Amino acid sequence: MRKYFVFMICLSLASAVNGQLRKSVTWERVNGTGPELEQIGELATRHSKDIKSSPWSVGCETLDRDFADFSLYKDYVGELGVKHARLQSGWAKTEKEKGVYDFEWLDEIVYGLVDQGVNPWICLCYGNPIYNSKIDLGSRIFTDEETLTAWCNYVEATVDRYKDVVQEWEIWNEPRESAEAYTNLVIRSIASIKKVKPDATIIAFTAHGIYPENVARFPRKVCELLKEKNSLGQIDYMTYHPYNYNPDKTYDIIDSLVVLIDEYDPKMKLYMGEGGCPSALEWGHALNNHLWTEYSQAKWVLRRMAGDWARNIRSSIFTFVDLRYNNMLQSFGLIRANLLHELIYKRPAYYGVQNLTGFFDYEVKPAGLLSYTIKSDRSLTVASFDKENTPVVLLWYDDKVPTDDLNRDEIKLTINKLNFEDPVYVDMLTGKVYELASKSWKNKGEHVRFKKLPVWDSPIMLVERNKLDLK
């Protein structure tokens with residue numbers, strides 16, 4: 001039995017070296033579906049190197065605790081088309097002997113991402129056992145001067161190491177300690193970061209459990225403490241981590257964060273710093289005890305991204321590959337992985353994200369939500385964008401948790417204050433581009449009307465034909 005186990009590991013590793021991913025049955029199935037329209041092509045995707053700038057980020061977290069292996073998935077990050085990737089700095093992995101820093105493990109990741117055309121942003125987080133502080137999510141934020149001084153020295157060394165390639169620095173991940181302890185950590189950390197890199201972009205808060213009472217309790221308290229200590233105005237982005245079964249039911253709460261920012265520091269912006277969805281029934285972590293599949297995961301991710309950018313919010317999807325935690329193999333990855341960290345196949349969500357990142361760079365600007373009329377008991381999000389002074393629209397059913405249903409409804413829809421000249425229809429999950437028959441749509445004054453427009457609970461795009469690049 002032992003020889004067989006060793007043989008299987010060797011065989012599996014050999015397969016990983018060959019770099020061959022298995023075919024995805026779920027992707028083949030969803031890619032084989034579509035509306036009853038004439039397909040005229042497929043949306044072109046782009047490598048990160050070929051995109052100048054965009055709001056999109058992907059999570060490359062937990063590498064500090066070896067929950068995944070970056071060397072096995074590096075090449076697929078650039079292929080995804082994101083321009084940013086979130087890392088966790090790993091104090092305990094870097095400083096195993098007091099005052100001695102070994103960044104070799106992090107060098108591989110930071111410079112590996114840069115080689116892919118992806119800008120890493122680093123979350124400085126978690127403690128260090130040699131200073132009697134823990135490395136786990138939810139660990140107590142240290143308040144004693146010895147550990148704080150060691151932390152500040154570590155922060156300075158880390159920022160100095162990567163100051164030429166890392167612009168954005170986040171302070172802690174999902175603080176669960178008192179607002180006073182976190183505020184003190186933020187003030188001390190900003191001083192250390194700015195000492196080395198005065199022009200650094202500072203990211204903070206990582207507010208989690210986005211509910212009205214939490215918005216009032218933690219972010220507001222931190223803002224108030226920063227104000228008392230004359231430290232407002234130093235944070236560029238407030239990050240938050242919204243894990244809601246229906247991704248579209250977050251925005252009322254996000255609006256309250258906008259009000260909070262306007263009250264304390266209008267120059268600060270929001271950043272959806274971590275949000276994702278399982279692809280299977282999970283018993284632990286976020287969004288558990290729900291029958292997720294790779295279909296509903298893909299829809300959730302695309303709705304999260306589309307809804308964020310419609311509101312001019314940068315967005316980071318959690319996470320790139322499945323993570324092997326100490327107690328479970330998590331299924332949030334855009335790429336499925338096994339217990340050996342090897343990549344198995346790209347999930348449908350991977351392809352959907354590729355389609356979105358390939359088209360929606362910073363040249364496609366959010367222009368707000370549009371009103372509409374529909375003969376249905378279901379509600380839509382209709383998000384407007386501008387690409388070179390021409391309209392782009394993303395729309396999807398937003399009233400329910402994403403389902404496994406791969407069918408599209410055909411609806412009558414009028415979108416207000418919108419006209420097209422020669423629109424085509426794009427399914428953002430599959431990337432397939434379809435003809436819209438001239439009889440199926442018509443401008444009526446300042447509105448546009450569609451007959452039998454295929455719609456489902458995943459974003460579809462209406463765009464002028466001449467603004468698309470096809471494969």
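Here a colleague and a modeller talk through a predicted model.

Colleague: Let's start with Arg347. Why is Arg347 called buried?

Modeller: Buried means under 20% relative accessible area. Arg347 comes out at 3% relative accessibility, so Arg347 counts as buried. You'll find this residue in the loop between strand 11 (343-346) and helix 12 (348-359).

Colleague: What makes the pair Arg347 and Glu294 a polar contact?

Modeller: The cut-off for N or O atoms is 3.5 Å. The side chains of Arg347 and Glu294 are joined at 3.0 Å, and that is within the limit of 3.5 Å. The side chain of Arg347 also has a polar atom 2.8 Å from the backbone oxygen of Gly333.

Colleague: Which residues does Arg347 contact, leaving aside its neighbours within four places in sequence?

Modeller: Among them are Ser279, Gln297, Asp322 and Ser331, along with Glu294 and Gly333.

Colleague: Now Lys83. How do you know that Lys83 has no salt bridge?

Modeller: A salt bridge needs a side-chain nitrogen of Lys or Arg within 4 Å of a carboxyl oxygen of Asp or Glu. For Lys83, the nearest side chain of opposite charge is Asp50, and Asp50 is 8.7 Å away. With the cut-off at 4 Å, that pair doesn't make it. Lys83 is buried all the same, in the loop between helix 3 (70-80) and strand 3 (84-88).

Colleague: What lies 3.0 Å from a polar atom of the side chain of Lys83?

Modeller: The backbone oxygen of Ser48 does. The backbone oxygen of Gly117 is 2.8 Å from a polar atom of that side chain. Ser48 and Gly117 are also on the list of residues Lys83 touches, which includes Trp56 and Asn119.

Colleague: On to the sheets. What makes strand 4 and strand 5 a pair?

Modeller: Two strands pair if there are at least two bridges between them. Strand 4 (residues 119-124) and strand 5 (residues 168-171) have three bridges, in the parallel sense, and that meets the requirement of at least two. Within this pairing, Ile122 has Trp169 as its bridge partner in strand 5. Helix 7 (residues 179-196) lies across strand 4, strand 5 and strand 6 (201-208), at about 155° to strand 5.

Colleague: Which strands close into a barrel?

Modeller: Eight strands do, in the order 2-3-4-5-6-7-8-9, with parallel pairing. On average, neighbouring strands there are turned by 25° against each other, direction ignored.

Colleague: There's also an open sheet, in the order 13-16-20-19. Why do strand 13 and strand 19 stand at the edges?

Modeller: Strand 13 (372-374) and strand 19 (441-444) each have a single partner strand, so one side of each is left without a neighbour in the sheet. The pairing in this four-stranded sheet is antiparallel, and the twist averages 25° from one strand to the next. Strand 16 (residues 409-415) and strand 20 (residues 447-455) share six bridges, with Asp409 opposite Val455.

Colleague: Last one: why is strand 14 called mostly covered?

Modeller: Seven of the eight residues in strand 14 (residues 380-387) are buried, with buried meaning under 20% relative accessible area. Strand 14 runs antiparallel to strand 12 (residues 364-369), with four bridges, and to strand 15 (residues 390-397), with eight bridges. Leu369 is partnered with Ala383, while Thr381 stands opposite Trp396. Strand 14 and strand 15 form a hairpin with two residues between them, and Glu388 in the turn has a positive phi of about 55°.

Conventions
Residues are numbered from 1 along each chain as its sequence is written. This is a predicted model: local features need pLDDT of at least 70, side-chain atom pairs count only at pLDDT 80 or more; totals for chains, interfaces and linings use all residues. Side-chain values use heavy atoms; hydrogens and water are left out. Buried means under 20% relative accessible area, exposed over 50%, partly exposed in between (1.4 Å probe, protein chains only). A polar contact is a pair of N or O atoms within 3.5 Å; within protein, one must be able to donate a hydrogen and the other to accept it, and residues adjacent in sequence count only if both atoms are side-chain atoms. Contact means heavy atoms within 4.5 Å. Lys and Arg count as positive and Asp and Glu as negative; His and the chain ends are not counted. Axes are lines fitted to C-alpha atoms, for helices over the stretch in contact, and angles run from 0 to 180 degrees between N-to-C directions.
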